[in-house]
Amino acid sequence: MSGPILPSLAHKLLRLLPPEDAHRAGLRLVRLLRPGRLEPPEGIQLKTWLGRLAPPIGLAAGFDKTGESVAHLSRLGFGYLVAGSVTLNPRPGNRRPRIVRRRGEALVNAMGLPNPGIDVFAKNLSIGAPLAGVPVVASIAGADPEEIVACYERLRGVVAGVEVNLSSPSLRDAVAIWSEERFSHLVELLVSVKWCPLALKIPPLARAELRNHVLRAVKIWVDNGLESITAVNTLPVSETRLSTGFGGLSGRPLNPYMLETLRELRSLIGGNCEINAVGGIFSAEDALQAFRLGASTVQVYTALVYRGPRVVRQIVADLAKILASMGASSLEEILP
Ligand SMILES: Cc1cc2nc3c(=O)[nH]c(=O)nc-3n(C[C@H](O)[C@H](O)[C@H](O)COP(=O)(O)O)c2cc1C
């Protein structure tokens, strides 16, 4: 995939396939790229929960569920990559169809957390992460705190950070997962074995029955000195084309929900925790808006599907243009 024509042609052809087949074929094409990162951009960097990142743009969880492609995905210009989500034991996920496209650069998915299980995942990352040249984060999920902590321990020394995913629409019994007692138990267990920076991935605060539980959990997370919150996962919606009849909405229409969640988080926790903004980030303007609301990184998923493999480099180039037009030489100069 070199030269400007081949990637955009391949990207157009992929759009003709059903979304999950397109995803698989896209990952195969990415694996033809040379492993390793691009030259980091000057000025487009920020201090984050993973140290200084250039650019402060990550691949969101769910794109590389097995951890097999991180070395090649870093070639797309990301400053870090989140692989997973992974569970203790392998999961086949839900029946197909489990991803559909929606108008307005959106997807609805009900993947059901398919993954090869923590042992295979950790092995894949132990090979791929050192070749990626950028920090690799593992996203972990589980049915109970003990399972999540077992995954965390198994990744010791393999990744730069871990994102705890309690927010997939496919996790059953969401309210119980976020209950104060259960969440405090999870945090206590994690803190007792902690060996790397941790992020908590939360759902959009749109669901009234979950809102207060999630906000209380965020407070517990931050009060225990944990480093980071990733906001947001997909928004549950009904979708009759999926085998499950419902799924999680991502892409452009998720962006206002993400921004609202960011505002609420900042007013709850002040500057006490790093925030990774994810949900409908497609352009430099989108990224800048999230940075201005206090995010120190942004993550991208659906934009990669609709805009193709050049999207991160485009965002970085446009951020550089915005800085130049403001007479600034670094992102930090223009952020509050
Ligand atoms: C097909 C698909 C699978 C996903 N799988 C996961 C996952 O395994 N774990 C997770 O935390 N988020 C997962 N996500 C959510 C994304 O990481 C991200 O939070 C969401 O898509 C919003 O970002 P976007 O609008 O840039 O796509 C998935 C999203 C999609 C579209």
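Here is a short tour of the ligand site and the largest cavity, with something to select at each stop.

Before you start, note that this is a predicted model, in which local features need pLDDT of at least 70 and side-chain atom pairs count only at pLDDT 80 or more, while totals for chains, interfaces and linings use all residues. Residues are numbered from 1 along each chain as its sequence is written, and side-chain values use heavy atoms, with hydrogens and water left out.

**Stop 1: the ligand**

Select the ligand and the 24 residues that surround it (a residue is near if one of its heavy atoms lies within 4 Å). The closest include Ala61, Ser85 and Thr302. Strands β4 (80–86), β6 (106–109) and β12 (246–251) each supply at least two residues of this shell (strands are DSSP runs of E, at least two residues, numbered from the N terminus).

**Stop 2: polar contacts**

Now look for N or O atom pairs within 3.5 Å. The side chain of serine 85 has an N or O atom 2.7 Å from a ligand nitrogen. A ligand oxygen is 3.0 Å from a polar backbone atom of valine 232, and a polar side-chain atom of asparagine 233 lies 3.4 Å from an oxygen of the ligand.

**Stop 3: the largest cavity**

Next, select Gly142, Ala143, Asp144, Pro145, Ile148, Leu166, Ile177, Arg182, Phe183 and Leu186, which line the largest cavity (on a 1 Å grid over the protein atoms alone, points where a 1.4 Å probe fits but cannot get out; lining residues have an atom within 4 Å of a point). Helices α5 (145–154) and α7 (180–192) each give two or more residues to this lining (helices are DSSP runs of H or I, at least four residues).

Notes
A polar contact is a pair of N or O atoms within 3.5 Å; within protein, one must be able to donate a hydrogen and the other to accept it, and residues adjacent in sequence count only if both atoms are side-chain atoms. On a 1 Å grid over the protein atoms alone, a cavity is a set of points where a 1.4 Å probe fits but cannot get out, and a pocket is an open set with protein on both sides within 12 Å along at least five of seven lines; lining residues have an atom within 4 Å of a point.
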